[in-house]
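Visitor: Please take a close look at one part of this predicted model. I should like a connected account of a strand pairing, of the sheet around it and of the aromatic rings.

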Amino acid sequence: MALAFFGDPCIDVVVNCSESFLSSHGISADQLGGSSLVNQKELDELRDAACAEAGLSHGGARRTGGSAANVAQCVSRLGASNGAPVRFIGMAGADEAGDEFAAALRRHGVEALMARSITGAATATCLCLVTPGGERTFRTCLGAADELQDPSVLPAGWADGCAWLHCEGYVLHRPAVALQVIRTAVAAGARVSLDLASFEVVRCCWPALEQLLDAGLLHTVFCNEEEAAALLAKAKPAAAAAAAVVSTVEVAARTASQSAAAHEATPAVQQQQQRQEAELPKGSGTAEERCSRTPSEEEQDLLADIAALHAQTWLLQRCQVAVVSLGGRGCVGRSADSGCGAATADRVTVVDTVGAGDSFSAGWLTAYLAGAPLDVCAAAGTAAGTAAVQAVGGVPDDEQAATLTSRVNALLHFRADARGS
């Protein structure tokens, strides 16, 4: 059973900056935490300006990145493959950065099945702008990765024996390639998971995402609450009318729209929606009154949960498992057969959120591939994501990996013992 991971080989450049810096460089409040493509000139100018504000004489902290690659390395370190091959596929430049990326994969037990550019294009670079509190905003120059327009240039045999393919949402910027790679994996007998990656990816790549979902090619979809909101804003009319959202704050401010989703939801889901509405703090007022003012933090959290439920209801008509991470509040995963698993997150000091979502996906997949129920998958994903935000870097070091592996194994064994008792 081989596990494959498809994404853009990338070098991350991390620079701490203020929100005012982002605003002064055209990144508005509703773009914070997102990811957009830029050309090399735009990336260089933004990086130099960020480094100048931070007082850095160098070009920022540099490390290997890439969402799917981070997940692959974390999954490998957690032992999810049980000794079977773990493969990464994508296209890098024929440069030192590409060599560095491949070496990092191999160092963590991942086969680097990468095509290399023959035009001299550089390996992709992602500028990670991290504001106080750990929020990251990405601006990426794809470089060589954008040259992957034909999957036939990928190393032969990458799908042989493939049982699972995990894709990062960024590959949807090249929809024809993403579709062909996914169809190849499915034809080989693999199930496919997709991380939506960013609310900006959902907005920009909606036609490709909708095609994959409507074709029934995806088994599992990972998203965070902002991506869930963006998905609902782009979804088919019934679901879009149900939430009428474009951001988490608007989810909280427009609860009156949720009743329009009732005809799409099962009776059990409808009851859960009604319970969540009933749990709103006293004095919240009517739905119309809540629309006229800024909601409290507690209301935002509760209503973001309702939005996540709407997103999962819509997704589960098109895939088997839908997982929504809720940041510091944990996660909830649901399956098409009415399964549900949730976990809360420990309160920790956030150091760096870059790669935290990737670690979360890796933890969830590790448990899911071991046959764990959704509640254990949720706990494993939340444990991995929580560990990630407490350290710098998208991949755990040896000590972090050992600690996290022990915790995930304990979760799996505890549940197995409970079932046997």
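Guide: Asp-195 has Phe-222 of β11 as its bridge partner. That bridge belongs to the pairing of β10 (residues 191-195) with β11 (residues 220-224), two parallel strands joined by three bridges. Both strands are part of an open, nine-stranded sheet with mixed pairing, in the order β6-β5-β1-β9-β10-β11-β12-β13-β14. The edges are formed by β6 (111-116) and β14 (340-343); each has a single partner strand, so one of its sides has no neighbour in the sheet. From one strand to the next, the twist averages 15°. Towards the β6 edge, helix α4 (residues 96-107) lies across β5 (86-92) and β6, and its direction makes an angle of about 160° with β6.

Phe-222 also leads to the aromatic rings, as ring pairs connect it with Phe-360 and Trp-364 in a cluster. The model has five aromatic pairs by the centre-distance rule, within 6.5 Å. Another ring pair is that of Trp-206 and Trp-314: the centres are 5.8 Å apart and the planes meet at 40°, so the pair is classed as tilted. Trp-206 belongs to helix α7 (residues 206-214) and Trp-314 to helix α13 (residues 297-315), so that distant parts of the chain, 108 residues apart, are linked by this pair. Buried means under 20% relative accessible area. Trp-206 is therefore buried, at 8% relative accessibility, and Trp-314 is likewise buried, at 2%. Over the face of Trp-314 lies Arg-318, at 3.8 Å from the ring centre.

Technical notes:
Residues are numbered from 1 along each chain as its sequence is written. This is a predicted model: local features need pLDDT of at least 70, side-chain atom pairs count only at pLDDT 80 or more; totals for chains, interfaces and linings use all residues. Side-chain values use heavy atoms; hydrogens and water are left out. Two strands pair if DSSP finds at least two bridges between them. Helices (H or I, at least four residues) and strands (E, at least two) are DSSP runs, numbered from the N terminus. Axes are lines fitted to C-alpha atoms, for helices over the stretch in contact, and angles run from 0 to 180 degrees between N-to-C directions. Contact means heavy atoms within 4.5 Å. Rings of Phe, Tyr and Trp (its six-membered ring) pair if their centres lie within 6.5 Å; planes under 30 degrees apart count as stacked, over 60 as edge-to-face and the rest as tilted. Buried means under 20% relative accessible area, exposed over 50%, partly exposed in between (1.4 Å probe, protein chains only). A charge sits over a ring if NZ of Lys or CZ of Arg is within 6 Å of the ring centre and within 35 degrees of the ring normal.
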